[in-house]
Amino acid sequence: MFLSQENSAMQSFRSELEDINNPVIEKDIIDLADKISKFRNLQIDDDKFRSVRLARGVYGQRQPGVQMIRIKLPYGKITTRQLVHIANLSDEFASSTLHATTRQDIQIHYVSLDRTPELWAKLEKEKITLREACGNTVRNVTGSAKAGIDPNEPFDITPYAQATFEYFLRNPICQEMGRKFKISFSSSDEDSAFSFIHDIGFIAKVKQINGKEVRGFKVVVGGGLGAQPMLAQVAYEFMEEDQIIPFAESLLRVFDRYGERARRQKARMKFLMAEIGLQGLLDLAKAEYPALKHKTYKIDTNSVQQPEPQPEGKVYPEVSIDNEARYQLWLQTNVFPQKQKGFFAIGLKTQLGNLSSDKARALAEVVREFAADELRITVTQGYILKFVREEALRGLYVALDKLGLANPGFESTADVAACPGTDTCNLGISSSYGIAVELERVMTEEFPDLVKNSDISIKISGCPNSCGQHGIAGIGFHGSSQKKDGLVLPALQVLLGGGVDADGNGRIANKVIKIPSKRGPEALRVLLADYDENGNDGEYYKDYFARQGDRYFYTLLKPLTSLDDLSDSDFVDWGEEENFKVETAVGECAGVIIDLVATLFYDSEEKLDWANEAFAEGRWADSLYHSYNVFVTSAKALLLSEDVKNNTQIAIIRDFDRIFVEKGEFTFPEGSFEAHITKISSNEPTKAFAGTFKEEAAAFIEKVKATRTKQLIASN
């Protein structure tokens, strides 16, 4: 039965490839299908398969047998045609809901693993990719949602974000790193793309050099959220525009070689920077420059064009608005003048970032009627429409209101961000969706004026990992648990004081206290009432928190922590009916014992094929990096045969020298394995060097395999 279903799915995706007309993409999709087949037939182990599918945007859900698919939309840009296409595919393959993330992706849920190649092939017909949306890769490049229309921007960052996305997509240097890597572009010092929580953040700047205005970026590195959040540090106050991609490449090469690989909780670049210091990181990056494909990289600033607005003089139908006061409030909170005179941008507030497929299709029709044919997903899980003429505003409001998308308070305190949490995510501890809905209800009914407040942000995650970005919230919550008399109840960790200050400086929220989840609404009431009573006029909430201090807020919320007066409902999570229990991640397939050394040899040979392919296509730098990975992966295999495990590439290299080279089992002209393979950093990526290096890599595989054969014979 399974084989017939698999063959049917395979046949379907192959027929879809005919319309793509891109051999690189076609090969990628075929490779995913091939790996799925090998995994089903126990030919590759779970860890290897996980890395393959995650790098293709396929993420296992907590519900067995289905996948979350993350659709990669650079800087949140999406056309109405693409929006409708995703909505239609969500009906066909998933649950008919589009979830916008805080990284400007769209996620769809409950997709069969065997149908993912067909889904991917269909997405590519509208130039939409899954590639590197998850996994230990360069994730979606985020950018200010108002880029190109922001009155405060020195220039449009969109072409730079697009060029960065294209440059690192499928780039050999960032396919199998120790952990994910995140890049952002902010339009101005307001830092609306949150550069301070990224591995690399670029903030648009201009500078006068020799009497000429030069574009560039302030560059920050080493930021991140999660259980141990860290603010990025300033690497360069100003870097000229043609240097940003070479710098990013050099930093990625360093992270790939020196970054932690065994302990996931220590595998982000922020920990590498904490270990060796900012200057140490920059020195290692500078040492990689000889090996870069491009020492400078000129970006075509005309590569991404603004969409065409509705024609001037277009007549919009007369409409009647029942609640004029609500319309005026919408104008105040959701409508923003663009830098293009006479045009406005519109913010759409979506609860939990979710749109039904029907609503998405209807929204596309509204956009086509009243705005330019492009939307931007925001880092707050909303949408922005562009180039709306003033005379179209009333009609647009009425059309959006019919869809439930004209709620005032875009990016206000009443606009709560939340990850899916325990609804679908393996890592979720307690509900984020359920509590988010309840907090929005409390604010709507009890604090209606908060739709005008954009100072206090409220963000919720289902676990400490901060997909909902609770770590930079004015008032943040993340899912947790507590115990009482042997029973477990859902809980919330409360964090306060995060965000971006008036000068564009980021602040990490402080952990204050843990409370039962069902007391989250009361905690919000207490915090808002306290701020209203004791905050100074004009004082931002993050400044108020800093003035009062952790201890003040701990004492304020302490009465909510008592577990002596719990009711039965406290043991039931939001949106659930049964008593709460902490559920660990659900495996996607039964485990199987695999020869890990043989699997690594398989990886090495595959990487050698990539090196040969890149060489044949004249991509010398790519060929070199694939060959470098042949050496590292083969060395790792032989070390594993000696029961030596490593947590960084550099440790693999040095242990191979210690165990095999110093004993004379392997020799290299340079005297050591490290000197031999790290010469890719100090040499220009020429044809001659790439050709020699891949031949050396091929010979190394054969010698390593021969050594392994001798080991097996000796052990028998």
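**Exercise 1. Pairing in an open sheet**

Which residue is the bridge partner of Leu-348 in β15? Place the two strands concerned in their sheet.

*Solution.* The structure is a predicted model.

Step 1. The bridge partner of Leu-348 in β15 is Tyr-383.

Step 2. This bridge belongs to a strand pair: β12 (residues 343-348) and β15 (residues 383-389) are antiparallel and share 5 bridges. As a general principle, strands of a sheet pair through backbone hydrogen bonds, either parallel or antiparallel.

Step 3. The sheet is open and has 5 strands, ordered β3-β14-β15-β12-β11, with antiparallel pairing. At its edges stand β3 (77-78) and β11 (335-337); each has a single partner strand, so one side of each lacks a neighbour in the sheet.

**Exercise 2. The surroundings of strand β9**

Which residues stand opposite Gly-216 of β9 in β8 and in β10? Describe also how far β9 is covered.

*Solution.*

Step 1. Consider β8 (residues 200-209), which pairs with β9 in the antiparallel sense over 10 bridges. Within this pair, Lys-205 is the residue opposite Gly-216.

Step 2. Strand β10 (residues 233-240) is joined to β9 by 5 bridges, and these two strands also run antiparallel. Here the bridge partner of Gly-216 is Glu-240.

Step 3. The hairpin of β8 and β9 has 2 residues between its strands, and Asn-210 adopts a positive phi near 55° there.

Step 4. Strand β9, residues 212-221, is mostly covered, with 7 of its 10 residues buried.

**Exercise 3. Three salt bridges**

How many salt bridges does the structure hold? Examine three of them by position and by exposure.

*Solution.*

Step 1. The structure holds 54 salt bridges. In general, side chains of opposite charge can pair when their charged atoms come close.

Step 2. Glu-126 and Arg-81 form a salt bridge with an N to O distance of 2.8 Å. This pair links distant parts of the chain, 45 residues apart: Glu-126 lies in the loop between α5 (116-124) and β6 (142-143), and Arg-81 in helix α4 (residues 80-93). Glu-126 counts as buried because its relative accessibility is 17%, under the 20% limit. Arg-81 is exposed because its relative accessible area is 55%, over the 50% limit.

Step 3. In the salt bridge of Arg-361 with Asp-358, the closest N and O atoms are 2.6 Å apart. Both residues belong to helix α10 (residues 357-370), where they are 3 residues apart, about one turn of the helix. With a relative accessible area of 21%, Arg-361 is partly exposed, while Asp-358, at 55%, is exposed.

Step 4. Asp-455 and Lys-542 meet through their side chains in a salt bridge of 3.5 Å, N to O. They too link distant parts of the chain, 87 residues apart, with Asp-455 in the loop between α12 and β17 (458-461) and Lys-542 in helix α14 (residues 541-548). Both residues of this pair are buried.

Step 5. Salt bridges can also be linked in a network, whose members include Asp-28, Lys-35, Arg-131 and Glu-606.

**Exercise 4. A charged patch**

Which residues gather in a patch of negative charge on the surface? Locate Asp-423 and classify its exposure.

*Solution.*

Step 1. The patch is formed by Asp-423, Glu-576, Glu-577 and Glu-578.

Step 2. Asp-423 is situated in the loop between β16 (417-418) and α12 (433-446).

Step 3. Asp-423 has a relative accessibility of 34% and therefore counts as partly exposed.

Notes. Residues are numbered from 1 along each chain as its sequence is written. This is a predicted model: local features need pLDDT of at least 70, side-chain atom pairs count only at pLDDT 80 or more; totals for chains, interfaces and linings use all residues. Side-chain values use heavy atoms; hydrogens and water are left out. Patches are made of residues with over 30% relative accessible area and no salt bridge: like charges are joined within 9 Å, nonpolar side chains (Val, Leu, Ile, Met, Phe, Trp, Tyr) within 5 Å. Accessible areas come from the Shrake-Rupley method with a 1.4 Å probe; for residues, only the protein chains shown count as cover. A salt bridge is a side-chain nitrogen of Lys or Arg within 4 Å of a carboxyl oxygen of Asp or Glu. Lys and Arg count as positive and Asp and Glu as negative; His and the chain ends are not counted. The place of a charge is taken as NZ of Lys, CZ of Arg, CG of Asp or CD of Glu. Helices (H or I, at least four residues) and strands (E, at least two) are DSSP runs, numbered from the N terminus. Buried means under 20% relative accessible area, exposed over 50%, partly exposed in between (1.4 Å probe, protein chains only). Two strands pair if DSSP finds at least two bridges between them.
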